[in-house]
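Please open the model in your viewer and keep the sequence panel beside it. The tour below moves from one selection to the next and says what is found at each stop.

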Amino acid sequence: MLPTTSADLIPGDLIQLDHQATTPCHPLVVKAMEPWWEQDWGNASSRQHRLGLTAAAAVASARSRLASHLGVEANDLIFTSGATEANNLALLGHARARAQAEGRCGHVVTLATEHHAVLDPMHQLQREGFALTVLHPKDTGLIDANALKGVLRDDTQLVSVMVANNEIGVVQPMRELAELCQSRGITLHTDAAQAFGHLRLNRDELGCDLISLSAHKLNGPKGIGALVKRRNVSIQPLFWGGGQEQELRPGTLPVPLIVGFAAAADLAHADLETRQDQLATLRDQLWQGLKSRHPQLRMNGAPEPRLAHNLNITVPDVSGVRLHRCLKRSLACSSGSACSRGQPSHALQAIGLSRREAEASLRLSLGRTTTVADIHRAVDAISACITQLQGE
Ligand SMILES: Cc1ncc(COP(=O)(O)O)c(C=O)c1O
């Protein structure tokens, strides 16, 4: 029997505005992956025969193309199962290695608006004896170097700040933060899961030492990502095994997913600027359409600098539970991160929203296939629900 699809669960034509949770695989990505499942199914570590060598060559090509999009060397890239694992490897792996080298657990810093895939490993470090500061950004969601400077200590070893936020889309001034960290010998990690393929990123311009990536946010497959690491940054592995990925992430490489990741990155970078212009236009139409009908709506996070495909709004004085229940049949969107365990967004609360306001918030995220018609339908659907709830 075929597995249940979304059409079985909730019949009807759903407007898809949840592309920051994940994106559909691009047909060309599916096509690029195709031969690597059945035809060229070799293990990239099998160097004694052609099947293995062919797989290794595909991985090498994917690695160097991905690296080129960030201006790094192919060997700077370690494949992982996604950004969650890359964050864990970066944060736990680096902090532990540095603590071992320096003979003490130091201080680590992150933002209250980070994804749980950063916050949770940071709390794990705290349980292991590291001192943790969770810095609150301004109500725009942004921080500046002065705010970061204010919490740094002589023993600060590691700072983690995401390039672009997964809920409110704001883009942090990474270069400024990196200069501060560099001047103090502090390692800077960034979770770029939401930024890679949507903003042009160059590792040296960003100034980051460690960068986490995920393929499924850019029309690539789920289950593959990477940690990009400067050569001089030490990392302790989280797993031990067959020695793959410079012994930092052992395990048989998922060749089809790696090929798909590189294909998705190539596609995303081929039309990045024109796509972002189109998405920003659509996103602004969505916001203006909603705001003109419901002037009380509030946009969360700074309007700029912001990902072109993100809008996050609060509908004041309505029940979030009812709002989301009303929208469920017509619109796919979210109230916060897809990984928020059903809780109201911690990120929105960190920038000053009450729990009730956070619950009555919508993250509307557009994608490559979003059309003007989708935007009109979304405005109508959201507007109808707001009007209905206000009348109750
Ligand atoms: C900012 C951010 N970090 C990490 C993740 C997790 O990425 P992955 O699903 O590749 O583990 C996500 C996706 O939800 C995200 O938005």
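A residue is called buried here when its relative accessible area is under 20%, exposed when that area is over 50%, and partly exposed in between. Please also keep in mind throughout that this is a predicted model.

**First stop: a loop residue under the cut-off**

Select Ala 193, which sits in the loop between E6 and H9. Is Ala 193 buried or exposed? Its relative accessibility is 8%, and because buried means under 20%, Ala 193 counts as buried. If you display its surroundings and leave out residues up to four places away in sequence, you will find Ala 193 touching Ala 83, Ser 212, Ser 214 and Lys 217. For a sense of span, draw a distance from Ala 193 to Gln 48: the two are 145 residues apart in sequence, and their C-alpha atoms lie 36 Å apart in space.

**The whole chain**

Now zoom out and colour by secondary structure, which shows 15 helices and 12 strands in the protein chain. The radius of gyration is 21 Å, close to the 21 Å that the globule rule gives for 392 residues, so the chain is as compact as a globular protein of that length. Along the principal axes, the C-alpha atoms fill a box of roughly 70 × 55 × 40 Å.

With a surface switched on, the protein chain exposes about 16700 Å², of which carbon and sulfur atoms supply 52%, while 57% of the 392 residues count as buried. Among contacts between residues at least 6 apart in sequence, 74% join residues at least 24 apart. If you then colour by charge, the mean positions of the 38 positive and 38 negative charges are 2 Å apart.

**The aromatic pair**

Return to the loop between strand E6 (187–191) and helix H9 (203–206) and select Phe 196, then add Phe 261 in helix H10 (residues 255–270). How many aromatic pairs does the chain hold? The count comes to 1 aromatic pair. The ring centres of Phe 196 and Phe 261 are 6.4 Å apart and their planes stand at 85 degrees, so the pair is edge-to-face. The pair links distant parts of the chain, its two members being 65 residues apart, and both Phe 196 and Phe 261 are buried.

**A buried loop residue and its neighbours**

Next select Ile 143, in the loop between strand E4 (131–135) and helix H7 (145–151). This residue is buried, with a relative accessible area of 3%. Not counting residues up to four places away in sequence, Ile 143 touches Leu 111, Leu 135, Pro 137, Val 161, Gln 172, Pro 173 and Leu 177. Of these neighbours, Gln 172 is worth a distance label, for the C-alpha atoms of Ile 143 and Gln 172 are separated by 6.8 Å although their positions lie 29 residues apart along the chain.

**Two helix residues**

Move to helix H4 (residues 50–70) and select Ala 57, which is partly exposed at a relative accessible area of 45%. A distance drawn from Ala 57 to Leu 348 reads 45 Å, C-alpha to C-alpha, for two residues 291 apart in sequence.

For a contrasting environment, select Arg 283 in helix H11 (residues 272–293). Arg 283 is buried, with a relative accessible area of 5%. Leaving aside neighbours within four places in sequence, Arg 283 is in contact with Arg 306, Leu 307, Ala 308, Asn 310, Leu 311 and Leu 366.

**Backbone details**

The closing stops concern backbone geometry, so a stick view of the main chain is helpful. Which two residues does a cis peptide bond join? Select Glu 304 and Pro 305, where omega is about -10 degrees; Pro 305 is found in the loop between strand E9 (298–299) and strand E10 (310–314).

Then select Asn 219, in the loop between strand E7 (210–214) and strand E8 (225–229). Asn 219 has a positive phi of about 65 degrees although it is not a glycine, and it is buried, with a relative accessible area of 11%.

Finish at Asp 317, in the loop between E10 and helix H12 (320–327). The phi of Asp 317 is near 60 degrees, again a positive value in a residue other than glycine, but Asp 317 counts as exposed, at 73% relative accessibility.

Key. Residues are numbered from 1 along each chain as its sequence is written. This is a predicted model: local features need pLDDT of at least 70, side-chain atom pairs count only at pLDDT 80 or more; totals for chains, interfaces and linings use all residues. Side-chain values use heavy atoms; hydrogens and water are left out. Helices (H or I, at least four residues) and strands (E, at least two) are DSSP runs, numbered from the N terminus. The radius of gyration is taken over C-alpha atoms; the globule rule is 2.2 Å times the number of residues to the power 0.38. Buried means under 20% relative accessible area, exposed over 50%, partly exposed in between (1.4 Å probe, protein chains only). Contact means heavy atoms within 4.5 Å. Accessible areas come from the Shrake-Rupley method with a 1.4 Å probe; for residues, only the protein chains shown count as cover. Lys and Arg count as positive and Asp and Glu as negative; His and the chain ends are not counted. The place of a charge is taken as NZ of Lys, CZ of Arg, CG of Asp or CD of Glu. Rings of Phe, Tyr and Trp (its six-membered ring) pair if their centres lie within 6.5 Å; planes under 30 degrees apart count as stacked, over 60 as edge-to-face and the rest as tilted.
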